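Q: Hey, can you walk me through this model? I've got it open here.

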Amino acid sequence: MNLTIENILLVGSLLLLVSILAGKTSYKFGVPTLLLFLGIGMLAGSDGIGGIRFDDPQLAQFIGIVSLNFILFSGGLDTNWAAVKPILREGIMLSTLGVLITAVSLGTFVWCVTDFTIYESLLLGSIVSSTDAAAVFSILRSKSLALKTNLRPTLELESGSNDPMAYVLTIAFLTLVINQDQSFLSIIPLFLQQMILGGIGGIAFGVSSKYIINKIKLDFEGLYPVLVITLMFITFSATDFVGGNGFLAIYICAVYLGNQDLIHKKTILKMFDGLAWLMQIVLFLILGLLVFPSQIIPYMGIGLLISMFLIVVARPIGVFMSLMFFKMKLKRRFYISWVGLRGAVPIVFATYPLLAGIDKANMIFNVVFFISVTSILIQGTTLSIIAKWLNVGLPETQKKLSATDLLLAENPRAEMKELLITPNCAAVDKNIVELGFPKNAIIAMIKRENASIIPNGLTTIKAQDTLIVLADRPKIFEEVNTVLKKEF
């Protein structure tokens, strides 16, 4: 069946409905939901029962880039800086040196076992060198894994920040495959340009986005998430336009915004969480439609060999070498090695060789697809088992809620106090967003004269107001009192 304007909405909505229902059912059986979304796309494709003919790598790449924008931005918003800061160096090493070592070691192996040239082999290694943010975020959170020490922030920081490195390596080695006369050293300026401009762009747009969100006064609360989406795309496209890495920029921008006081922050976080899930479903469905299962079968043998080498050898080498200068228990290193999930991102990156028209493009795409499927199937289904085996997991009851978890909770278990604002309090005539309120406390209501006000970030605190404050534990009220009375 060919997709037309008349039936695309019907087919698309039915696929989304089936995916959501299948995802709900799959959790009970321990099957990763992302794999179900991919399978539904394949079943709906031309080789499946749906018979939908979709063979447009350029459109799939566009949808993939847009989807990754939402997935990375949502992951960045949910990244708690206080949890990430202690393991920042480890995360950066994993997302840069770890990705490079994984790409080179896997590429060398591919060069030895196939008829690929060295640059074609390194291109394949680069495409699958990074862990997939969509897979890691969704699987860790859907399984509600409680991990010891800073293990979970390390995994989420790595998966959210290592796609830019893999993207740079993919573009660099693709350039070398196309232009055989260029030297390996020619890609170094490209790498430095992408990373430096991407980092600067992320910080600059993060700071300016906070200012715009908090200072602009929109008439409707629902427009604030739309504003943030606009700023997200501007961050990506403007950074990419000047030669920087747009993926790195939007992740840094989102991490900054997620740890700031924003107007209607709860609404923004909830909407991005829903959009991230929508984009994950759409992305895996589209990639499932793009794949022809009959074309994968001839590459299953070599695909399985490369996939096993990646999981058992290349990924652990990358992890252990990039973390060799840090003090970390051996069991933690092994678990980080195992959570090297490959998902949609490598498949999206594999569309670049297809569009470039290189000789081995079709084989690379099918092998990459097989690697992603086996990674989600083998590693994604065993995260809880391996965590228990390595003794790096915690009982669910001991799992600490992040500030975002508390903010999004509909009925948080919290302490409540009424605090009177006296005329000498420093908070008088200040907007709530300007107070620097503790992350684990919220102003639920303001009593002013005979009225009760439900506040937002732009609400101004007045003398003689009584604030109804909720906090997750009594000790937080000491910080609240300090904020309300300190001199600004």
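Q: How much area does the chain expose, and what share do carbon and sulfur atoms supply?
A: The chain exposes about 22000 Å², with carbon and sulfur atoms supplying 65% of it. Those areas are from the Shrake-Rupley method with a 1.4 Å probe. Keep in mind this is a predicted model: local features need pLDDT of at least 70, side-chain atom pairs count only at pLDDT 80 or more, and totals for chains, interfaces and linings use all residues. Residues are numbered from 1 along each chain as its sequence is written, and side-chain values use heavy atoms, leaving out hydrogens and water.

Q: And what percentage of residues count as buried?
A: 53% of the 488, where buried means under 20% relative accessible area.

Q: OK, new topic: how many helices and strands?
A: 22 helices and 4 strands. Both are DSSP runs (helices H or I, at least four residues; strands E, at least two), numbered from the N terminus.

Q: In what order do the strands sit in the sheet?
A: It's an open sheet, ordered 1-4-2-3, with antiparallel pairing. Pairing takes at least two DSSP bridges between two strands.

Q: Which strands are at the edges?
A: Strand 1 (415-420) and strand 3 (451-453); each has a single partner strand, so one side of each lacks a neighbour in the sheet.

Q: What about strands 2 and 4, how many bridges there?
A: Strand 2 (441-448) and strand 4 (466-471) pair over 6 bridges. K447 has T466 in strand 4 as its bridge partner.

Q: Which helix packs on the sheet?
A: Helix 22 (476-485), touching strands 1, 2 and 4; contact means heavy atoms within 4.5 Å.

How values were computed. Axes are lines fitted to C-alpha atoms, for helices over the stretch in contact, and angles run from 0 to 180 degrees between N-to-C directions. Buried means under 20% relative accessible area, exposed over 50%, partly exposed in between (1.4 Å probe, protein chains only).
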